[in-house]
Amino acid sequence: TEKALATIQKEKIGVLEISDFGTSGLSGSDDNIDSSWYGLTRSGGICNKTSEEAGGGFGIGKNAPFAASLVRTIFYSTKNTNDEYIFQGVSKLMTHKNNHNELTQGTGYIGKNIDNKISSVRDFARIPALFKRQEIGTTIYVIGFDAYEKWQEELFREILYNFFASIHFGKIDFDVC
C-alpha cells in the first residue's frame, strides 16, 4: 500500500509495455466467458483457448503482470483480424473495509460506464492515443512498473526458462528493450 501511494504521487509513473505481433488479437464481449477477450480481462483460472496452437492453457499466467505493477493496474489494448479495437483497464486491489465498514471489491475496471457497469472501450476514437494498436495483436501496459537495475536480466532468464522450446524451434522470439 505504501509503495502504491508513493508511486501515484510521483510526477512520472513507470510503464512496461508488452506487445505481441503475428497473432490474431483478441475478440469477444465483456460478458462471453468463452471469448479470448473475457478470458484475459475478466476471468480467473479459466482456460478458453480455441486452438491447440494457442499459448497458455490454465488461465493463471495472465495475472503475472499485476505482480510487476506497484499499483496493481494493467491496461489492455487489442486490434483483431476483424479490424475491431478493444481497450480496458483492470486494477486488482486488496479487499478491505471502507469508511462505512463495508467490504470493497478487489477488482476494478477502467473503461466506459454503461448503466453503472464498466465495459471495455470499443470505439477507436475514444481509446486514448497512447493505447491505440496500429497492427493486429495485443498490448499489455503494466502501470507503475519499477525498472530496477537488473530487471532485463531477470526477464531474459524467465523467458528462456519458460519459452526455451518455442524459441529453439523458431515459433516465438522476444525483444526486450
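**Exercise 1. Salt bridges between distant parts**

Arg122 is partly exposed, with a relative accessible area of 36%. The model is predicted, so local features need pLDDT of at least 70 and side-chain atom pairs pLDDT 80 or more, while totals for chains, interfaces and linings use all residues. Residues are numbered from 1 along each chain as its sequence is written, and side-chain values use heavy atoms, without hydrogens and water.

Task: find which side chain meets that of Arg122 in a salt bridge, and state which parts the pair ties together.

Solution.
- Step 1. Fix the terms. Buried means under 20% relative accessible area, exposed over 50%, and partly exposed in between (1.4 Å probe, protein chains only). A salt bridge is a side-chain nitrogen of Lys or Arg within 4 Å of a carboxyl oxygen of Asp or Glu.
- Step 2. Find the partner. The side chain of Arg122 meets that of Asp30 at 3.6 Å, N to O.
- Step 3. Place both residues. Arg122 sits in the loop between β6 (117-119) and β7, and Asp30 in the loop between β1 (15-19) and α2, so the bridge ties together parts 92 residues apart in sequence. Helices (H or I, at least four residues) and strands (E, at least two) are DSSP runs, numbered from the N terminus.
- Step 4. Check the cover. Asp30 is buried, at 8% relative accessible area.

**Exercise 2. The remaining bridges**

Task: how many salt bridges does the structure hold? Describe those of Lys117 and Lys79.

Solution.
- Step 1. Count. The structure holds 3 salt bridges.
- Step 2. Take Lys117. Its side chain meets that of Asp31 at 2.5 Å, N to O. Lys117 lies in strand β6 and Asp31 in the loop between β1 and α2, so this pair ties together parts 86 residues apart in sequence.
- Step 3. Compare cover. Lys117 is partly exposed at 34%, whereas Asp31 is exposed at 55%.
- Step 4. Take Lys79. Lys79 pairs with Asp83, the closest N and O atoms being 3.6 Å apart. Lys79 is buried, with a relative accessible area of 12%.

**Exercise 3. The nonpolar core**

Task: which members of the largest nonpolar core touch the most other members?

Solution.
- Step 1. Define the core. A nonpolar core is a set of buried Ala, Val, Leu, Ile, Met, Phe, Trp, Tyr and Cys residues joined through side-chain atoms within 4.5 Å.
- Step 2. Name the members. Of 15 residues, Ile74, Tyr76 and Val142 touch the most others.
- Step 3. Find the suppliers. At least two residues of this core come from each of α2 (36-41), β2 (69-79), β3 (85-92), β7 and α4. β7 gives the largest share, 3 residues.

**Exercise 4. A nonpolar surface patch**

Task: which residues form the nonpolar patch on the surface, and is Phe164 buried or exposed?

Solution.
- Step 1. Define the patch. Patch residues have over 30% relative accessible area and no salt bridge; like charges are joined within 9 Å, and nonpolar side chains (Val, Leu, Ile, Met, Phe, Trp, Tyr) within 5 Å.
- Step 2. List the members. They are Leu160, Phe163, Phe164, Ile167 and Phe174, with about 450 Å² of accessible area together.
- Step 3. Inspect Phe164. Phe164 is in helix α4. Phe164 counts as exposed, at 53% relative accessibility.

**Exercise 5. Positive phi**

Task: where do Asn101 and Asp115 lie?

Solution.
- Step 1. Take Asn101. Its phi is positive, about 65 degrees, although Asn101 is not a glycine. Asn101 lies in the loop between β3 and β4 (107-110).
- Step 2. Take Asp115. Its phi is about 50 degrees, and Asp115 is not a glycine either. Asp115 lies in the loop between β5 (112-114) and β6.

How values were computed
Accessible areas come from the Shrake-Rupley method with a 1.4 Å probe; for residues, only the protein chains shown count as cover.
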